[in-house]
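Reader: Please take one strand of this model and walk me slowly through its surroundings, explaining each term as you use it.

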Amino acid sequence: MKHSSVLPRAALSVALGLLLASGPAGAQAVSSPPVPLSQAELSRLVQQQALQIQQLEARLRAVEGEQGIAAMRPAPPEPAVEARVAALESGQSRLPKVSWSKGAPEFSSADGTVAFRPRGRLFVDASSTDGATVGDRNISGTEIRSVRLGAEGRYGILGWAVEGDFADNAVAWKSVYATLDHTLFGLPADLTIGNRLNDRGIDGSSSTSNTPFQDRNVVGTLMLPQRGLFGVGLTERVYGKGWHASLSVAGNDLNNAGTDNDSQTWATRVHWNPVASDRATVHLGAWAFHEEIAAGASGVVRSSAIAGHFNDLVKIAPGTLSGADRSTAYGAELAGFFGPAWATGEWGTRNLRGADASGRYDLDHQAWAISAGWFLAGAMPAYSGKAGTWGRVKVADPVTRGGAGAWELKGRYEDVDYAELPTGGTGHAWTLGANWYLNDFSRVMFEAIRWQTHNRSGTGQGRDEGTTFNTRLQVAF
């Protein structure tokens, strides 16, 4: 607008100059002397020039007004610019996306059908035991409990995961499987092919990266098939509103050296949330499995590390049992989540059948556990209603952003009964502790365990008790 107003004013100045020059006096020949004007003529000339000036100023105002209105109107876009912008937007929409919401970069296609992300975890533990009658059990130390690295991805309805773990001074494969999403009876479902964590109980089905305690409870760690927590096979899961059910058949895990037959296990689990709201969620569940145990298989029954993972001397010993050829187990689950508070209870029993030197046998062992917790501030209990498992806690005010994180108080009681097995032991443990969640992907855990064992085999036979203090720094993504 500045440029458009300067030109008319310049034109006005030129016009005024020409007007003055074009008066009667200017009309004389250059060589002729000027003729004096009378008073009347001079007055008429001034009036004529004033009128012309007013007319020119009116025209100038009109021109300036039209140009100002035109300048305020948006200029019509050039077709070439529009085409370039559209091309840039179209190209941007097709670019891959990157998200850090899960703690590691997840790369996905623009439509989300193809995705890839690394995953892993690090557990650094410290432990100290005191007060045991068997002096050798009073040990202290540190360990790298777990270093796990892997990746997961998706190609439309086909997903996959590969993960290896370094623990107990050995490297072992953990999750190695593919999943196929589909529908079953009109409901969403998935079929897993490969080596995947058992679907058995709340703790037994959850990653230890998410369980409130450093280790799963005794139901999750002891009431399991000979093959352990993992097995290579097929698992079908179907999901409804507030419930899920699974059915699987699997052999040993993929760390089998291939020198013996696999045991074979059929397993099922179902969970239901009769109450599911923002204020309260109630979980009910049940599971069962039957297995055919390969001849000469080891690890049919397992000892319970009742004082935590580090101290291998404080265990409830199952005794020696040979010749087991099959087992059947079942269990029940109950849990409730009420605002910042939560509570769980699990029970399981397992029956072993086989023959040894004394003949055929039919023996049981069992375990149960109850636990509870309360978030003081900064987070809420994390529960996955889809699969009936522990989820990842979401921290409202992370330490990594200058906040206070989230604090959780927790307590648990566990009981193991191997008394029916030959030379089997019994024992229990009380655990009190706290978790400090630094952010969604890291936490510091503190636990004090008051344990008691009564073994009839192995080291530390007879009654013994003591106290173990455990801590852990965890990073998981």
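**Strand E5 and its partners**

Author: E5 and strand E6, the latter covering residues 170–184, pair in the antiparallel sense over nine bridges, where a strand is a DSSP run of E of at least two residues, numbered from the N terminus, and two strands pair if DSSP finds at least two bridges between them. This is a predicted model, in which local features need pLDDT of at least 70 and side-chain atom pairs count only at pLDDT 80 or more, while totals for chains, interfaces and linings use all residues. Residues are numbered from 1 along each chain as its sequence is written, and side-chain values use heavy atoms, with hydrogens and water left out.

Where E5 meets E6, Ala167 has Ala170 as its bridge partner in E6, and the hairpin formed by these strands has two residues between them, with Asp168 in the turn showing a positive phi of about 55°. On the other side of the sequence, E5 (residues 158–167) pairs with strand E4 (residues 140–155), again in the antiparallel sense and over nine bridges. Here Glu152 stands opposite Ala161 in E5, and in the hairpin of E4 and E5, with two residues between the strands, Gly156 takes a positive phi near 65°.

A side-chain contact also reaches E5: Arg119 and Glu163 meet in a salt bridge at 3.2 Å, N to O, the term meaning a side-chain nitrogen of Lys or Arg within 4 Å of a carboxyl oxygen of Asp or Glu. This pair links distant parts of the chain, since Arg119 lies in strand E3 (residues 114–130) and Glu163 in strand E5, 44 residues apart. Arg119 is buried, with a relative accessible area of 13%, and Glu163 is buried with 7%, where buried means under 20% relative accessible area, exposed over 50%, and partly exposed in between (1.4 Å probe, protein chains only).

Definitions and conventions: Helix = DSSP H or I, 4+ residues; strand = E, 2+ residues; numbered from the N terminus.
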